[in-house]
Amino acid sequence: MKRKPSLRTELLVNLTILAAAALVLAAGSALVAPLLGDDARGGAMLLLLIVADLAVLVVFGRYLVTRLVTRPLEDLVRATEAVAAGELHRRAPAADTEELDRLAQSVNRMTDRLLDVQGALVRAEKLASVGRLAAGIAHEVGNPLAAIGNYVEILRRHGADPATVQALEHEAQRIDGIVRSLLEYSRPRESAFEPLHLGNVVADTVQLLERQGVLRELRHEVQVDSDAPLVLGDRQALQQVCVNLLLNAVDAAGAGGSLVVEVGARDGRTTLSVADSGPGVPEPLRAQVFDPFFTTKEPGRGTGLGLAIVQRIVEDHGGRIAIQDSPLGGAKFVIALPAHAS
């Protein structure tokens, strides 16, 4: 990338040119003055020439200061005022000089950081609310659910219709799964962080799902950059991230579909992406898919907590997750984790 010129250098060079021009104009005026004569007309012409010289210098100087200093600062002020007014996606434009461009980038980083902090506060409040809800549900539903399980067993022993008993048992297990997912989301367990190669975690997860037959009906490909930096993470938690993203991609792509898992490095971070050939996630819904209980699946096919848990784990690791368009035609979930300084 071409380095931008320094503001100091630009000002010095242009002011030098301006001073040189002033000297030339002054010398020219001195040479022309004797030719104008000593009468009033000659004095007026000389005064007009001096005024014209000064006007040129003032106009050029004003243009110079406006282009290099005033206009970039006004753009920066407008951007910060827009952010302060609630336009949180507004960013300061790049400047033509190195110092002011660095200032604009610093303001943009600060804005991004403020957005991250604001999002973390919102998610923390949401997590606390879900935690209270989960505790209440676990208490109120747990005992009746255990009783239902006992009644299902009694029905089985008394020769009730096996299909009916199996259906009751399946629905009871689904309720139990929802409650457990709520508790898992709202009460993160103690993490055991260690240096990990994310590619190994992905490979283990893919092998696990292959043995279970989950990936049997679709084409899948794993691309791992062996030079990708290590991450400091909890192996079990990161494996859960991989499982949730892969199961989500399998549901989206369907039988005969495709998915691609990639592990690499970008901008000093280790990245994991899962792309599928499904219908994708519409732009208006991308900000909601990580909310607890939000799901685009058919009723009965998901609790809407899988991606919420993924986001919580990623953020616990100091990372970010985003949704992009997949080259396969569906959605692409991209996770960026801080590289571990070995």
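Which residue in E4 stands opposite Gln 223? The views below give the answer and tour the rest of this predicted model.

**View 1. The whole chain mixes helices and strands.** The protein chain holds seven helices and seven strands. Read along the sequence, they follow the pattern α-α-α-α-β-α-β-β-α-β-β-α-β-β. The chain has 342 residues, and 32% of them count as buried. Now look at contacts with a separation of 6 or more in the sequence. Residues 24 or more positions apart account for 71% of these contacts.

**View 2. Strands E2 and E4 pair in the parallel sense.** E2 covers residues 219-224, and E4 covers residues 258-266. Six bridges connect the two strands. Here is the answer to the opening question: Gln 223 stands opposite Glu 262 in E4.

**View 3. Strands E4 and E5 form a hairpin.** E5 spans residues 269-276 and runs antiparallel to E4. Eight bridges join the two strands. Val 263 stands opposite Leu 272 in E5. Two residues lie between the strands of the hairpin. In this turn, Asp 267 has a positive phi of about 55 degrees. When looking along any regular strand, keep one pattern in mind. Side chains alternate between the two faces of the sheet.

**View 4. Helix H6 runs from residue 235 to residue 253.** H6 has 19 residues. From its first C-alpha to its last, the helix reaches 27 Å. That is close to the 27 Å expected at 1.5 Å a residue. At the start of H6, a side-chain oxygen of Asp 234 comes to within 3.0 Å of the backbone nitrogen of Gln 236. After the helix comes Gly 254, with a positive phi near 75 degrees. Many names appear on the buried list for H6. Among them are Ala 237, Leu 238, Val 241, Leu 245 and Asn 248. Cys 242, Leu 246, Ala 249 and Ala 253 are also buried. Residues three or four places apart in an α-helix point the same way, because there are 3.6 residues a turn.

**View 5. Thr 111 sits in helix H3.** This helix covers residues 98-157. Is Thr 111 buried or exposed? Thr 111 counts as buried because its relative accessibility is 6%, and the cut-off for buried is under 20%. Leave out residues up to four places away in sequence. Thr 111 then touches Val 83, Leu 88, Arg 90 and Arg 91.

**View 6. A salt bridge joins Glu 169 and Arg 156.** A search of the whole structure finds nine salt bridges. In this one, the side chains meet at 2.9 Å, N to O. The pair links distant parts of the chain, with the two positions 13 residues apart in numbering. Glu 169 lies in helix H4 (residues 162-186), while Arg 156 lies in helix H3. Glu 169 is partly exposed, at 31% relative accessible area. Arg 156 is partly exposed too, at 35% relative accessibility.

**View 7. Arg 286 and Asp 325 form a salt bridge.** Their closest N and O atoms are 2.4 Å apart. This pair also links distant parts of the chain, 39 residues apart. Arg 286 is in the loop between E5 and helix H7 (306-316). Asp 325 is in strand E6 (residues 320-325). Which partner is buried, and which is exposed? Arg 286 counts as buried, at 16% relative accessibility. Asp 325 is exposed, with a relative accessible area of 57%.

**View 8. Helix H7 holds both partners of a salt bridge.** The side chains of Arg 312 and Asp 316 meet at 3.6 Å, N to O. The two residues are four apart, about one turn of the helix. Arg 312 counts as buried, at 13% relative accessibility. Asp 316 is partly exposed, at 45%. Elsewhere, salt bridges that share partners join Glu 153, Arg 156, Arg 157 and Glu 169 into one network.

**View 9. The structure holds one aromatic pair.** Phe 290 and Phe 333 form this pair, which is edge-to-face. Their centres are 6.3 Å apart, and the planes meet at 85 degrees. Phe 290 is in the loop between E5 and H7, and Phe 333 is in strand E7 (residues 331-338). The two lie 43 residues apart. Both Phe 290 and Phe 333 are buried.

Technical notes
Residues numbered from 1 in each chain as written. Predicted model: local features only at pLDDT ≥ 70, side-chain atom pairs only at ≥ 80, totals over all residues. Heavy atoms only, no water. Expected span 1.5 Å × (residues − 1). Buried < 20%, exposed > 50% of the residue type's maximum accessible area, 1.4 Å probe, protein only. Polar contact = N/O pair within 3.5 Å; in protein donor to acceptor, adjacent residues only side chain to side chain. Contact = heavy atoms within 4.5 Å. Pairing = 2+ DSSP bridges. Salt bridge = Lys/Arg side-chain N within 4 Å of Asp/Glu carboxyl O. Phe/Tyr/Trp six-rings, centres within 6.5 Å; stacked < 30°, edge-to-face > 60°.
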